[in-house]
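This report describes a model with two chains, going from single elements outward to the chains as a whole. Please look at the sequence and the structure before reading on.

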Protein chains: 2
Amino acid sequence: MRMSIHIGKTLREIPKDVEIISHQFLVRGGYVHQYASGLYALMPLAQRIIGKIQKICHQFMQQRMGAQEVLMTNLSPEEIWKPSGRSVSLGSDMFRLQDRQKGSFVLCFTHEEPVVDMMKSQISSYRQLPVCVYQIQTKFRDEPRPRAGLIRLREFLMKDAYSFHKKEDDFEAYFNEMAKTYELFFKAVGFTNVISVKSDNGNFGGNFSQEFILPTEIGEDTILTCQKCGMIANQEVLETPSPDGACPQATCPFEKSKGMELGHIFHLGDRYTKPLGCYYTDEKGQKQIPEMGCYGIGITRLLPAIMETHHDEKGPIFPLTVAPYEIHMIHFKGCFDKAEEIYQSLIGEQLEVLWDDREEKPGAAFADADLIGIPFRIIVTPRSLEKNMVEVRRRDPSIPPTDIPVDQIINFMTQALDTEYKLYLG
Amino acid sequence: MRMSIHIGKTLREIPKDVEIISHQFLVRGGYVHQYASGLYALMPLAQRIIGKIQKICHQFMQQRMGAQEVLMTNLSPEEIWKPSGRSVSLGSDMFRLQDRQKGSFVLCFTHEEPVVDMMKSQISSYRQLPVCVYQIQTKFRDEPRPRAGLIRLREFLMKDAYSFHKKEDDFEAYFNEMAKTYELFFKAVGFTNVISVKSDNGNFGGNFSQEFILPTEIGEDTILTCQKCGMIANQEVLETPSPDGACPQATCPFEKSKGMELGHIFHLGDRYTKPLGCYYTDEKGQKQIPEMGCYGIGITRLLPAIMETHHDEKGPIFPLTVAPYEIHMIHFKGCFDKAEEIYQSLIGEQLEVLWDDREEKPGAAFADADLIGIPFRIIVTPRSLEKNMVEVRRRDPSIPPTDIPVDQIINFMTQALDTEYKLYLG
């Protein structure tokens, strides 16, 4: 991609009233366009990042969990939400509307009811279980307080998976395997410090859940870590946290810290399968209700979370697996033709390159490159070309630059990228 | 994928009140689950097909048209739709709703207004033009008469691209290039007979448009072909078709036939850029309004359209590029272990295989395979295994089967698939 036609205007100034660093970068780097509170268009850089996150997520869900991809509708007849009681209990968090025949619909807040409505026509025998379906699909939530760029939106992408199991059989093993998959997925998209918090209360109708939380000062969740027994809990999930912060299990003090929820997986038991009438026939010919689990990841939110985790004061420093491009190329005055030649040879090898082909001063070009955060850089200068070299730098200023002969740049970059990908994908 | 855990129950009987063949196959093959009139979940087979169509569409848009992918929201403040007058003119075709603060929103029927709202903050100079952005995104339309399975839905996927140009400059060349890209795309997903119908009226605010129509008896559009001058037109698009069917240009008789619109591309002129205040500065420093075009493909609708085009009385016969899997494997009694071995070696080479690992009678297994329509089949029988062979058949009964040695099946299939892909992708 040539910067001269790339859609995403950068801003030098920090926008007013934008306190959170990821939100600042999203605006300043031309990643998003705001339509209203909690409603943002993803412009090309953001869409490329979200696209890579989705691709990695599909691989983990299909190859590691054997989950089958589906696509349920966003518009859902209100009727489907009545047996579970959530048509009422989700209240004004769910957008509601009528069609031209005055039929009542909701915009799906989540998809437990639609997935059970679909799966109850599919599951009949124990032989079909366990089974897991998933989608990466828009969710709509009428948030009272949308927040901080892409962190709390009214419309966003979620990966939601739903598994169905024989009664008291393999649920827990599958759930634990999903938790392991989540850990690998979060590592693959660049997180090294996501903590996992179990809870065994029944808030969500089942018996236990596990949250995946990124420790960050800007998080909305309060994590309680017991100083004595080591137990970690989300304050919100604890049913009755004692007002003085004492551990309900060990009567010892909690330390409070902040975190952002990136994923949450739930044992749902028969909370939805029972009221919606989903059954299977077991080995003895008896009608049984399947156990169910659901597994969410807030896909859109991962972009600001990655920015919060990986940045310096100049902009984000993207992990390669989710970077909008692999290489950012900048040339100095007098090097346009050689840069064009290098650009063509790199994209000819399917490498992803953003080339700043404008007539910008180096200072402006580097400031934009810092805001875009692509991990590898190729700098073409008259001085380096004299020696038939180009300079390969990293967005991460702690990694020293290297001079590479122009005719070896493809080989060098291919190997450097391969090595870097392996750090995330193993 | 093993058929024993594949989600998609097949039905032997033709469902009642379902007249259109693609709709019958979608229901009988377990491709879709209906929530309400015009609202269907895509189950795994349909989602895999739609996923492949999307992938091909992305390649053509990015590589052939240089379009940049974005993702605009579905929820859109009604305010954005006022300057163009479409908040009123789209009337009850557009779903409308209020948020908890009583703000008025629409669910996007199309995205001209949101895209101009976004691009007007991005385009400032003639140097940035031409530029094209696109998305594959959900569209919502409150259709008075949803129809025939996936043919006319209230929620569906559309590829919509929007290009911006300098005044009276390169618009027409880009438009014609897009038309050519559409022809190649439709060929790539398996259509051989899509006809292209130009019109030069001003119904959509611009000067001309071009429709891509699949001739089919079940189509909703009436195509008029002039028997004398050869002109083809969509009856709906002609402003004042004479009641006796006379050609407005040549006063000669039209022949009527039916067709289904798969894509439509429009010159929009300044229909949206002007009222929404999108400007650029030209070479002379003058403020100008960009010319705009929009380019739609009804992604979801392509699935039933492909089924209508490619089927026999037993089920669909998918073109390889959009088939849910490349190979459908069936084994006879006593061959399970050998089939498992072949299955593992095929998927080990990244070939896409649906293996019917159930204990079904061959008749039932073949009936299901016919409904699923995967183009290549491997049949493992005791008789063929005696000679260390398997049989490779095609879903298309007109292509004769071949016996292939078991130890050559990977090579044979890889080459056969390569050859077949080239028929579509050139």
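## Strand 7 of chain B

In strand 7 of chain B, Val133(B) is the bridge partner of Gln68(B). Helices (H or I, at least four residues) and strands (E, at least two) are DSSP runs here, numbered from the N terminus. The model is predicted: local features need pLDDT of at least 70, side-chain atom pairs count only at pLDDT 80 or more, and totals for chains, interfaces and linings use all residues. Residues are numbered from 1 along each chain as its sequence is written, while chains are lettered from A and ligands numbered from 1 in the order in which they are written.

Strand 3 and strand 7 of chain B run parallel and are joined by two bridges. Two strands pair if DSSP finds at least two bridges between them. Strand 7 of chain B also runs antiparallel to strand 8 (residues 155–165) of chain B, with 10 bridges joining them. Within strand 8 of chain B, Met158(B) is the bridge partner of Gln137(B).

Is strand 7 of chain B mostly covered or mostly uncovered? Strand 7 of chain B is mostly covered, with seven of its 10 residues buried. A residue is buried if 20 or more other C-beta atoms lie within 10 Å of its own, exposed if 12 or fewer, and partly exposed in between, with C-beta atoms placed from the backbone.

## Helix 1 of chain B

Helix 1 (residues 21–28) of chain B is mostly covered too, as eight of its eight residues are buried. Among them are Ile21(B), His23(B), Phe25(B) and Arg28(B). The buried residues of this helix pack against strand 1, helix 6 (299–309), strand 17 (311–312), strand 18 (315–316) and helix 8 (362–372) of chain B. Just after helix 1 of chain B comes Gly30(B), with a positive phi of about 70°.

## Backbone angles

Most residues other than glycine have a negative phi, and most peptide bonds are trans. The table lists some residues of this model that depart from this pattern.

| Residue or bond | Angle | Place |
|---|---|---|
| Leu129(A) and Pro130(A), cis peptide bond | omega about 0° | Pro130(A): loop between helix 4 (112–119) and strand 7 (131–140) of chain A |
| Leu129(B) and Pro130(B), cis peptide bond | omega about 0° | Pro130(B): loop between helix 4 and strand 7 of chain B |
| Asn388(A) | phi near 60° | loop between helix 9 (382–386) and strand 22 (389–394) of chain A |
| Lys102(B) | phi about 65° | loop between strand 5 and strand 6 (104–107) of chain B |

Asn388(A) is exposed, with 12 other C-beta atoms within 10 Å. Lys102(B) counts as exposed with 6 C-beta neighbours inside 10 Å.

## Domains of chain A

Chain A is divided into domain 1 (31–309) and domain 2 (322–425); the bounds come from an automatic or database domain assignment. The centres of the two domains, taken over C-alpha atoms, are 39 Å apart. Their contact takes 10 residues from domain 1 of chain A and five residues from domain 2 of chain A. Two residues are in contact if their C-beta atoms, placed from the backbone, lie within 7 Å.

On the domain 1 side, the elements that give two or more residues are helix 2 (44–64) and helix 5 (171–188) of chain A. Helix 2 of chain A gives the largest share, five residues. The residues of this side divide into six nonpolar, one polar and three charged. In this count, Ala, Val, Leu, Ile, Met, Phe, Trp, Tyr, Cys and Pro are nonpolar, Asp, Glu, Lys and Arg are charged, and the others, Gly among them, are polar.

## How the chains meet

Which residues are shared between the two chains' contact? In total, 45 residues of chain B are in contact with 45 residues of chain A. 100% of the interface residues of chain B are also interface residues in chain A, so the copies meet through the same surface. Among the elements that give two or more residues to the chain B side are strand 1 (32–36), helix 2 (44–64) and strand 7 (131–140) of chain B. Strand 7 of chain B provides the largest share of that side, four residues. By class, the chain B side has 23 nonpolar, 12 polar and 10 charged residues.

A rotation of 180° with 0.0 Å of shift along its axis superposes chain B on chain A (RMSD 0.0 Å). That is the relation of a two-fold axis. In chain B, the C-alpha nearest the axis belongs to Leu97(B), 2.8 Å from it. Copies are superposed by least squares on the C-alpha atoms of residues with pLDDT of at least 70 in both.

## Confidence

Chain A averages a pLDDT of 92, and 94% of the residues score at least 70; pLDDT is the predictor's confidence in each residue, from 0 to 100. The model scores ipTM 0.94 and pTM 0.95.
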